[in-house]
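Biologist: I am new to this structure and should like to go through it with you. May I ask how its descriptions are justified?

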Amino acid sequence: MASPILKPPEHQVAGHSAKDGKLGPVVDGRGLFYKPLQGDGRGDSELSFYAAFFSHPAVPPSIRSFFPGFHGTHFLPSSDGSGPRPHLALDDLLAAFRSPSIIDLKIGACTWPPDSSDDYFRKCIARDRESASPTLGFRVSGVQIQNPGAGADSFWRPLRSRVRVYSVEETRRVLRQFVSRNSPSTDEKPDCDLASVVYGAADGVLAQLQEIKAWFEEQTIFHFYSASILLIYEKDAAAAAVGRSSGVRVKLVDFAHVVEGNGIIDHNFLGGLSSLIKLLFEVITDPEGDGWKSSKVHLSCNNGSLESNASVLPST
Ligand SMILES: Nc1ncnc2c1ncn2[C@@H]1O[C@H](COP(=O)(O)OP(=O)(O)OP(=O)(O)O)[C@@H](O)[C@H]1O
Ligand SMILES: O=P(O)(O)O[C@@H]1[C@H](O)[C@H](O)[C@@H](OP(=O)(O)O)[C@H](OP(=O)(O)O)[C@H]1O
């Protein structure tokens, strides 16, 4: 069989990109996503995580299914032309989708593991403070939303430099735009028409997040700093899903900063996940988006604490 042609993924919404001669992931068009091992120990750390996670007897198969399948490392040419280097071979989570809407949500008020260097701590906290992470316990890292009015292959992709500094209000809004049929690129109020299917169906986002949360309420094996949850769905499939599977996928990615849990609950990830669940639930129960009130949130973090007076959580 001829070797597959490797190319940058068409639907990558965050992280390092192989476009423009830079180092980033490539796909083979046959179902695999190859992520180059990054330097500074990050690549080795992510590789160790995948090896430990998929061989750990205490991780239930149902939880493994929320992670990309791991197929070892492959020596492949680097997309930046720097020669062959090891790549993690992962399931291509987008392989089955033609026009996917995708959002990458970086989970945790705190994005740096304990024992990070001072430089790394400073880099992370500077980015976190520009974002909704300290307040919400998660932030949007990237998003693309299919724009139905403009054709199946037309997407709204806000600039990543804007997305990563989204305020709480902007985060709430994009979670509504994500499940709306009206155009995300206008000032129109998001109609949230697909929220009950995408977020609320029996096999939808909330049901899957609750399953993940139930595991995080018990597991003390790993602490997931700076990992992301990807939400992926196809608008046409969701619109036609009445009584059938919504086809929505929830996946965890990006494990360069996972550390051992040492018998302690991952409060940082669990807190962000709970906050995300609450906001998504609000989209279903309050599609008009009126039930919000101002409250003060205080989230403790490695090396410090963060406080905010912003309007944050939905009233209950
Ligand atoms: N297995 C996968 N299949 C398909 N797409 C993926 C997969 N893993 C990641 N992606 C895409 O690549 C993006 C970046 O992934 P990831 O966070 O792992 O990369 P990264 O370069 O380590 O990111 P960062 O710079 O934020 O640490 C995700 O937002 C998603 O769009
Ligand atoms: O969210 P953005 O805007 O995509 O920014 C990136 C994000 O913060 C990553 O988590 C970080 O990698 P690490 O988590 O591994 O530090 C990366 O650093 P890098 O550019 O130094 O790789 C940033 O560029």
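Biologist: What makes up the shell around ligand 1, by class?

Modeller: The model is a predicted one. By class, the shell around ligand 1 has 8 nonpolar, 4 polar and 6 charged residues. In total, 18 residues surround the ligand, and the closest are H16, K35, D91, L93 and D104.

Biologist: Why is the pairing of ligand 1 with K35 called a polar contact?

Modeller: An oxygen atom of ligand 1 is 2.8 Å from an N or O atom in the side chain of K35. A polar contact requires a pair of N or O atoms within 3.5 Å, so this pair qualifies. For D91, a polar backbone atom is 2.9 Å from a nitrogen atom of the ligand. A polar backbone atom of L93 is likewise 2.9 Å from a ligand nitrogen atom.

Biologist: How much of ligand 1 does the protein bury?

Modeller: Taken alone, the ligand exposes 620 Å², of which the protein buries 89%. The elements giving two or more residues to its shell are β2 (32–36) and β5 (100–107).

Biologist: Which residues touch the most other members of the largest nonpolar core?

Modeller: They are Y199, L209 and F224, in a core of 60 residues. Helix α10 (residues 267–285) supplies the largest share, 8 residues. Apart from this core lies another of 8 residues, including L93 and I102.

Biologist: How do you know that L209 is in contact with I229 and L280?

Modeller: Contact means heavy atoms within 4.5 Å, and L209 therefore meets that limit with both I229 and L280. Its other partners beyond four places in sequence are V250, L273, L276 and I277.

Notes
Residues numbered from 1 in each chain as written. Chains lettered and ligands numbered in written order. Predicted model: local features only at pLDDT ≥ 70, side-chain atom pairs only at ≥ 80, totals over all residues. Heavy atoms only, no water. Core = buried A, V, L, I, M, F, W, Y, C linked by side-chain atoms within 4.5 Å. Buried < 20%, exposed > 50% of the residue type's maximum accessible area, 1.4 Å probe, protein only. Helix = DSSP H or I, 4+ residues; strand = E, 2+ residues; numbered from the N terminus. Near = heavy atom within 4 Å. Polar contact = N/O pair within 3.5 Å; in protein donor to acceptor, adjacent residues only side chain to side chain. Areas by Shrake-Rupley, 256 points an atom, 1.4 Å probe, with all protein chains shown as cover. Nonpolar A, V, L, I, M, F, W, Y, C, P; charged D, E, K, R; others polar.
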